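Trainee: I'm new to this one, could you walk me through it?
Mentor: Gladly; have a look at it here, and then we can take your questions one by one.

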Amino acid sequence: MLRLEDYEKIIEKCSHCSYCQSTCPSYLTEQSESSVAKNRLLIIKETLMHKNLPFTPRAQEILDNCLLCTNCTQTCSSKVPIDDIIIAARIKMGQKGVGGIKQFVMGKMLTQRGLTGALGKAGSLAQKLGIATKEIPQLASKSFDKMYSGTYTPAGTIKKRVAYFVGCGTNFIFPDTGEAVVKVLNHNGIEVIIPEGQVCCGIPALGEGDLEGARSMVETNIKLFAELDVDAIVTDCTSCGMMFKEKAAKCLPDDDPLQEKIAAVTAKIWEVTDYLQNQGLEAAPGPLDVTWSYHVPCHRGWSPTVKDAPRQLLAQIPDAKLREFDNPEQCCGGAGTYFMEHREIAEKIRASRLEDVNNTVSDVILTQCPVCRFYIGFQVMDREVTHPIKILARAYGL
Ligand code: SF4
Ligand code: SF4
């Protein structure tokens with residue numbers, strides 16, 4: 001479970017090698033030593049854990065400035081789960097009353113399916129909270145769950161049956177991704193079940209230190225998906241996938257009776273392009289004259305194959321050509337709600353990312369993360385930014 005006390009020994013594994021420095025977007029942008037993961041850990045250890053130093057507003061700011069991108073965890077030579085420790089620290093900060101109303105509201109704002117229109121209200125809410133930004137994603141005219149729910153059966157033989165976890169980004173902002181997921185899976189002989197009652201995966205709440213909120217969402221989703229007789233559970237969002245695969249179990253005590261169901265669901269979770277590439281395409285895609293570039297989402301560490309899945313899958317489309325970015329894994333700065341709360345630094349991180357994007361000539365930019373999609377998309381006017389599954393759908397003529 002994400003209790004700071006449980007990381008007292010693990011935090012000592014940091015050897016101060018500084019490998020984490022080279023991949024931290026906030027350090028690379030601010031060039032501030034305090035932003036390096038090893039130093040964030042040191043602050044947590046000396047203030048919140050051992051209480052040798054007071055927990056000052058500056059200490060809080062340093063922990064708040066972390067994007068929870070997980071790049072440090074992925075590169076750490078000692079396998080320290082840095083992002084988990086920072087989340088545990090934020091939970092502790094919340095328990096101490098640090099973070100207050102802003103943490104509560106930001107934690108809730110994007111997380112509850114029942115809060116239809118939450119994103120629509122986000123602009124004015126953000127302004128009231130002093131986190132004004134012109135760049136608030138627009139809600140789709142009709143959310144995905146208003147158009148799709150229940151079972152979608154392919155024509156012909158059913159090869160596999162999957163359940164589809166629909167993240168909030170797809171549900172509220174990009175239902176086009178969800179439509180492509182259903183159609184492409186059906187086209188490949190895969191039955192798709194979209195259970196009613198699913199809620200946000202919980203990652204925005206967890207990132208804000210709202211363990212209770214995240215736990216409640218995990219419980220709802222796990223109870224729903226564990227009951228289904230399916231071969232796999234797919235999501236189109238890499239952050240939702242990470243939440244299910246790596247974080248859900250940590251939201252509950254180790255001996256909680258639900259852990260067994262969490263393990264069963266976790267074992268079946270796939271990002272959709274990763275799943276299709278792993279299964280192999282049943283239907284051959286037609287030619288599509290398109291040059292595409294691929295922005296790899298930061299939340300890729302939970303699957304050894306997810307970051308290459310779009311490359312391998314779309315390589316099967318005749319005439320489609322991949323033009324790689326120089327740094328396809330460079331963070332865009334969006335990071336869930338980070339771009340609203342930390343506008344200045346997020347924009348600097350994105351400006352750095354856009355140099356590479358603008359130097360790479362292609363027709364379309366692809367990424368599996370809805371936040372990367374809109375946050376890069378706000379500044380890229382000459383090209384479409386979309387999910388890789390949409391290109392496959394087009395190659396099938398769907
Ligand atoms: S999670 Fe990302 S932003 Fe936070 S310390 Fe690690 S690399 Fe830096
Ligand atoms: S890479 Fe890991 S072990 Fe090395 S300094 Fe960073 S946190 Fe410590």
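Mentor: Before we start on the interior, one term is needed: a nonpolar core is a set of buried Ala, Val, Leu, Ile, Met, Phe, Trp, Tyr and Cys residues joined through C-beta atoms within 7 Å. Please also keep in mind that this is a predicted model.

Trainee: Okay, so which residues touch the most other members of the largest nonpolar core?
Mentor: Those are Ile82, Ala89 and Tyr164, in a core that counts 110 residues. Helix α5, which covers residues 82-95, gives the most to this core, with eight residues.

Trainee: And what is Ala89 in contact with, leaving aside its neighbours within four places in sequence?
Mentor: With those neighbours set aside, Ala89 is in contact with Leu4, Ile44, Leu48 and Leu63. As a general background, nonpolar side chains in soluble globular proteins tend to be buried together.

Trainee: Zooming out, how many helices and strands are there in the protein chain?
Mentor: The protein chain has 20 helices and nine strands. Its radius of gyration is 21 Å, close to the 21 Å that the globule rule gives for 398 residues, so the chain is as compact as a globular protein of that length. Along the principal axes, the C-alpha atoms fill a box of roughly 65 × 50 × 45 Å, and buried residues make up 49% of the 398 residues.

Trainee: Switching to strands, what's the order in the open sheet of four?
Mentor: The order is β7-β6-β8-β9, and the pairing is parallel. At the edges stand β7 (321-322) and β9 (384-386), each with a single partner strand, so one side of each is left without a neighbour in the sheet.

Trainee: How many bridges join β8 and β9?
Mentor: They pair over three bridges, in the parallel sense, and Leu366 stands opposite Thr386 in β9.

Trainee: Now helix α18, where does it bend?
Mentor: The bend is at Arg353 and comes to about 25 degrees. As for its length, at 1.5 Å a residue the 17 residues of α18 (residues 343-359) should span 24 Å, and the end C-alpha atoms are 24 Å apart, which agrees.

Trainee: Which residues of α18 are buried, and what do they pack against?
Mentor: The buried residues are Ala346, Ile349, Arg350, Arg353 and Val357, so the residue at the bend, Arg353, is on that list. They pack against α1 (25-30), α17 (338-341), β8 (364-366) and α19 (370-377), and β8 is also one of the strands in the open sheet.

Methods. Residues numbered from 1 in each chain as written. Chains lettered and ligands numbered in written order. Predicted model: local features only at pLDDT ≥ 70, side-chain atom pairs only at ≥ 80, totals over all residues. Helix = DSSP H or I, 4+ residues; strand = E, 2+ residues; numbered from the N terminus. Expected span 1.5 Å × (residues − 1). Bend = angle between axes of the 7 residues up to and from the residue. Buried ≥ 20, exposed ≤ 12 C-beta atoms within 10 Å, placed from the backbone. Contact = placed C-beta atoms within 7 Å. Pairing = 2+ DSSP bridges. Rg over C-alpha atoms; globule rule 2.2 N^0.38 Å.
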